[in-house]
Amino acid sequence: MIKINDNFHRLPATYLFTEVARRLKAYKEAHPDADIIRMGIGDVTCPICPVAVEAMVNAANEQGNAATFHGYGPEQGYQWLRQAIVDGDYRSRGIHMDIDEIFVSDGAKSDTGNIGDILSADCRVAVTDPVYPVYVDTNVMAGRAGNLTDGKWSRIDYLPCTAANSFVPALPVDNPDVIYLCYPNNPTGTTLTRRQLAEWVEYAKAHNALILFDSAYEAYISSSDVPHSIYEIDGAREVAIEFRSFSKTAGFTGLRCGYTVVPKELKGIAADGTEVSLNHLWLRRQSTKFNGASYVVQRAAEALYTQQGRTQIAETIAYYMRNAKVLREGLSSAGFEVWGGIDAPYIWLRTPGGLSSWEFFDLLLDRCRVAGTPGCGFGPSGEGYFRLTAFGRYEDTIRAVERINSLSI
Ligand SMILES: *Cc1c(COP(=O)(O)O)cnc(C)c1O
């Protein structure tokens with residue numbers, strides 16, 4: 001038989017969402033008429049905005065005509081989309097970005113997962129805890145994680161984010177080479193202020209670390225002291241790669257489009273001591289393993305940067321953030337301790353009465369017929385917490401809050 005990559009074999013089964021699905025199925029079988037409100041999945045529910053749909057219809061028609069047909073596009077993305085990104089997401093905030101620093105892709109999950117291809121297998125990795133599982137699992141696959149004991153990988157530095165530190169991670173003590181930061185955060189819905197993020201940039205500079213900054217939820221920011229891009233911080237171009245996605249911004253979870261920014265100042269060192277541009281390495285990686293996002297989808301993404309596109313996206317985000325407000329205020333007044341929901345579509349709550357995350361999952365399902373996500377599924381420091389999302393329908397969100405309020409904790 002063929003030998004497999006043993007790193008994959010070391011990964012535990014994806015427990016969280018399969019276990020959620022298993023418990024939901026069992027509950028439905030026992031209570032066939034139960035009207036369950038799903039507040040757990042991290043997927044959006046609102047449709048794609050009209051300007052993006054119109055752009056796709058036009059692009060699809062172009063593809064059906066020999067005179068306007070597009071085959072393989074540039075691996076890094078079409079120039080017109082990268083220009084729209086540079087102007088719309090960076091120049092508009094006073095940040096200079098060259099279009100060669102933008103890499104359009106099929107989403108941030110692939111890019112945050114693949115970026116490790118250009119880094120040494122020896123690199124020490126730090127993650128905030130709880131965390132988006134992709135960062136940890138892809139490093140396990142690359143052989144960087146060591147051994148798993150008590151829910152932690154021996155070569156990964158976990159930076160706890162709990163109520164005790166107001167979900168602001170302390171700077172690492174173990175000198176990691178690579179630090180994943182995701183702000184606004186999934187799952188906690190919390191943010192870092194400009195000053196707090198500046199400390200991480202300073203730390204990375206002083207310790208030669210690389211920050212991998214995931215800003216998939218940037219469009220949900222409402223607070224003025226929360227940066228939309230890490231490049232709002234002086235010096236970040238020398239230490240950070242930024243990942244963006246149209247998934248949560250514009251409902252592209254099923255269309256697939258995002259982009260990654262690799263500034264030209266970023267340098268790595270080869271085993272023979274040569275300094276190498278990370279931008280060149282990522283271009284090499286992408287042009288070898290990736291053939292570009294689809295033309296039709298890139299046209300849809302481009303349309304988001306028009307005046308109409310911006311207005312239409314903002315309406316959908318406002319819809320979700322109204323849900324977030326209902327959740328945050330409703331649950332607080334019911335006596336829950338809640339975080340998030342101001343600059344992110346996630347509400348993170350402390351489970352009442354010292355219940356474990358899974359005990360609260362079962363209680364909420366049984367007594368309220370509301371399904372959420374147990375915090376422990378995102379890492380050891382998520383135990384005793386629970387995530388609800390604002391991505392549902394408004395009416396369902398209201399009903400869910402009413403039911404949870406009747407729990408009388
Ligand atoms: C949803 C999400 C993404 C987006 O992934 P896509 O592959 O672009 O859909 C990235 N990072 C985090 C933390 C997310 O929650």
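## Helix H3 and its contact with H10

In this predicted model, the contact of helix H3 with helix H10 brings Val-51, Ala-52, Ala-55, Met-56, Ala-59, Ala-60, Glu-62 and Gln-63 of H3 against Tyr-295, Val-296, Arg-299, Ala-300 and Ala-303 of H10. Sorted by character, the residues of this contact comprise 10 nonpolar, 1 polar and 2 charged. The axes of H3 and H10 lie 8 Å apart and the two helices pack at an angle of about 145°, in a crossing that is right-handed.

Helix H3 itself takes in residues 50-63, and its 14 residues should span 20 Å at 1.5 Å a residue, which agrees with the 20 Å that separates its end C-alpha atoms. Within H3, the buried residues are Val-51, Ala-52, Ala-55, Met-56 and Ala-59. Seen down the axis of H3, these buried residues fall within an arc of 135°, so they line one face of the helix. The exposed residues Pro-50, Glu-54 and Asn-61 are on the other side of H3, while the cover over its buried residues includes helix H10 (295-303) and helix H11 (307-333).

## Helix H2 against helix H12

A second helix pair is formed by H2 (residues 15-30) and H12 (residues 357-368), whose axes come within 11 Å and cross at roughly 35°. The crossing in which H2 passes H12 is right-handed.

On the H2 side, the residues in contact are Tyr-15, Leu-16, Glu-19, Val-20, Arg-23, Leu-24 and Tyr-27, and they meet Trp-358, Phe-361, Asp-362, Leu-365 and Asp-366 on the H12 side. The residues of this contact of H2 with H12 divide into 8 nonpolar and 4 charged, with no polar residue among them.

## Helix H4 and what surrounds it

Helix H4 is made of 12 residues (79-90), and the distance from its first C-alpha to its last is 16 Å, close to the 16 Å expected at 1.5 Å a residue. Its buried residues are Leu-81, Arg-82, Ala-84, Ile-85, Val-86, Gly-88, Asp-89 and Tyr-90, a list that holds the charged residues Arg-82 and Asp-89. The elements against which the buried residues of H4 pack are strand E2 (102-105), strand E9, strand E10 (258-261) and the helices H10 and H11.

## Helix H13 and its buried side

Helix H13 (residues 394-405) also has 12 residues, and from first C-alpha to last it reaches 17 Å, close to the 16 Å expected at 1.5 Å a residue. Thr-397, Ala-400, Val-401, Arg-403 and Ile-404 are the buried residues of H13. Around the axis they cover an arc of only 165°, which puts them on the same side of H13.

The packing partners of these buried residues are strand E1 (37-38), helices H11 and H12, strand E15 (370-371) and strand E17 (385-389). H11 also appears in what covers the buried residues of H3, and H12 in the contact with H2.

## Backbone features in the loops

Most residues other than glycine have a negative phi, and most peptide bonds are trans. Against that background, the loop between strand E7 (178-182) and helix H7 (194-207) deserves a look, with Pro-184 placed in it and Pro-187 found there as well. The peptide bond that joins Tyr-183 and Pro-184 is cis, with omega about -5°, and the bond that joins Asn-186 and Pro-187 is likewise cis, with omega about 15°.

Ser-166, in the loop between strand E6 (156-160) and E7, has a positive phi of about 50° although it is not a glycine. Arg-256, in the loop between helix H8 (247-250) and E10, also has a positive phi, of about 80°, without being a glycine. Because its relative accessibility is 31%, Arg-256 counts as partly exposed.

## An exposed loop position

Asp-234 is placed in the loop between strand E8 (210-214) and strand E9 (240-245), and at 73% relative accessibility it counts as exposed, since the cut-off for that class is over 50%. Although Asp-234 and Glu-202 stand 32 residues apart in sequence, their C-alpha atoms are 9.2 Å apart in space.

Terms used
Residues numbered from 1 in each chain as written. Predicted model: local features only at pLDDT ≥ 70, side-chain atom pairs only at ≥ 80, totals over all residues. Heavy atoms only, no water. Helix = DSSP H or I, 4+ residues; strand = E, 2+ residues; numbered from the N terminus. Expected span 1.5 Å × (residues − 1). Buried < 20%, exposed > 50% of the residue type's maximum accessible area, 1.4 Å probe, protein only. Arc of directions from axis to C-beta. Contact = heavy atoms within 4.5 Å. Axes fitted to C-alpha atoms, helices over the stretch in contact; angles between N-to-C directions. Left-handed = near helix turned anticlockwise from the far one by under 90°.
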